[in-house]
Amino acid sequence: MASVNGQSDGGTWPAGLDEAIRATAADIAATLRGASDTGAPVPGSRWTVGEAAAHLAQANELMAHLADGKERGYGDGTPQGLAEANQRALAAFAERRAEHLAAMIMEQAEAFLESAARPASNAAPTSYASHGELVTPMGPMSLEVLGSYLLTHMLGHGYDLARALGRPHMLNRARVELTLPFLITAMPRVLDTTAAAGLTARYAIRLRGGACFGATFTDGAVTVTPHPPSRPDCTILTEPVAFLLMALGRLGPWSAVARGRVLTWGRKPWLAPRFPALFSPP
């Protein structure tokens, strides 16, 4: 039986994910190749264009290694731990030239796809958690979810680079829907327990024209499912690009509402603006 995220319950590779990863990497590379100054700041970040691009190149390489069954430690899975690991990795990697980084981003995205197409038979047992899931910086996940993670990560930082360089971003509905397997897996791991303390509520999250999922909070803990709850307290209908930007902390909920990109209804519609603030994206 197929699930909402385009991945079958048996764990088959989501249709269109290869193409989305490859095309997103190519779009980011094209954006970078137009950069005359990689020392320019990235809006809303402490990084420059060159640092953000270097981080993307390193992250793509890391995920290609993970897909190939190689063990790679990287932070402790918390937002702070990942941020510290990112800074250490950047300090040890001096490349900031746009053309070289653009090529590396594409090459490592392709390396990931090649590894995903032929899971390594000689991977060390410590590269895997229970049930054959890979050990990643965001916890155990299947190869399919890791592919969704790679796409999500590229879209977030690709959006930042496009803004910094005054270029069109590379987010669209089809690509956003392919991020859902990762987001559904990651949301409980990035829950802000302080913000969620005492909350008991059922949310249905719907992307305009496509997918949906559910998030149920019980006394501050959250369960995220690929199907909405039967009786949600609050339903949030979001334009897909706005949804991903909010999920990644690039767009505030009130700004999205003001632009008509979010509609809400249900018995407790006032819970809608609170939803993005319940998570702390790394």
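Helix 2 meets helix 5 in this predicted model through ten named positions that begin with Val 49, Ala 52 and Ala 53 and continue along the helix to Leu 66 and Ala 67. Helix 2 also packs against helix 3. Further along the chain, a span annotated in UniProt as "domain: SCP2" covers residues 195-262, and a search of the whole structure finds eight aromatic pairs.**Helix 2 and helix 5**

- Helix 5 spans residues 143-165, and its axis lies 10 Å from the axis of helix 2.
- The two helices pack at an angle of about 170 degrees; angles over 145 degrees count as roughly antiparallel, and helix 2 and helix 5 are therefore roughly antiparallel to each other.
- On the helix 2 side, the residues in contact include His 55, Leu 56, Ala 59, Asn 60 and Met 63.
- On the helix 5 side they include Leu 143, Leu 146, Tyr 149, Leu 150, His 153 and Met 154, as well as His 157, Gly 158, Leu 161, Ala 164 and Leu 165.
- The residues of this contact between helix 2 and helix 5 divide into 16 nonpolar, five polar and no charged.

**Helix 2 and helix 3**

- Helix 2 (residues 49-67) and helix 3 (residues 79-91) have their axes 10 Å apart and pack at an angle of about 100 degrees.
- Helix 2 and helix 3 are therefore roughly perpendicular to each other.
- Glu 51, Ala 54, His 55 and Gln 58 are the helix 2 residues in this contact, and Asn 86, Ala 89 and Leu 90 are those of helix 3.
- The contact of helix 2 with helix 3 is made up of three nonpolar, three polar and one charged residue.
- His 55 appears in the contact with helix 3 and also in the contact with helix 5.

**The annotated span**

- The "domain: SCP2" annotation for residues 195-262 comes from an unreviewed UniProt entry.
- In the model, residues 195-262 are 24% helix and 37% strand.
- The end C-alpha atoms of residues 195-262 lie 21 Å apart.

**Aromatic pairs**

- Among the eight aromatic pairs found in the whole structure is that of Tyr 203 and Phe 217, which is edge-to-face, with 5.8 Å from centre to centre and 75 degrees between the planes.
- Tyr 203 belongs to strand 3 (residues 201-207) and Phe 217 to strand 4 (residues 212-218), so this pair ties together parts that are 14 residues apart in sequence.
- Tyr 203 counts as buried, at 0% relative accessibility, and Phe 217 is buried as well, with a relative accessible area of 0%.
- The rings of Phe 213 and Phe 243 are also paired edge-to-face, because their centres are 5.9 Å apart and their planes stand at 65 degrees.
- Phe 213 is in strand 4 and Phe 243 is in helix 9 (residues 240-247), so that pair links parts of the chain 30 residues apart.
- Phe 213 counts as buried at 1% relative accessibility, and Phe 243 counts as buried at 6%.
- Tyr 203 and Phe 217 also belong to one aromatic cluster with Phe 275 and Phe 279.

**Asp 233**

- Asp 233 sits in the loop between strand 5 (221-225) and strand 6 (234-238).
- Asp 233 has a relative accessible area of 7% and is buried, as the cut-off for buried is under 20%.
- Lys 268 is 35 residues from Asp 233 along the chain, and the C-alpha atoms of these two residues are separated by 5.4 Å.
- Leaving aside neighbours within four places in sequence, Asp 233 is in contact with Ala 201 and Arg 202, with Trp 265, Gly 266, Arg 267 and Lys 268, and with Pro 269 and Leu 271.

Conventions. Residues numbered from 1 in each chain as written. Predicted model: local features only at pLDDT ≥ 70, side-chain atom pairs only at ≥ 80, totals over all residues. Heavy atoms only, no water. Axes fitted to C-alpha atoms, helices over the stretch in contact; angles between N-to-C directions. Helix = DSSP H or I, 4+ residues; strand = E, 2+ residues; numbered from the N terminus. Parallel < 35°, antiparallel > 145°, perpendicular 65-115°, else oblique. Contact = heavy atoms within 4.5 Å. Nonpolar A, V, L, I, M, F, W, Y, C, P; charged D, E, K, R; others polar. UniProt positions renumbered as here; feature names shortened; annotations may be inferred. Phe/Tyr/Trp six-rings, centres within 6.5 Å; stacked < 30°, edge-to-face > 60°. Buried < 20%, exposed > 50% of the residue type's maximum accessible area, 1.4 Å probe, protein only.
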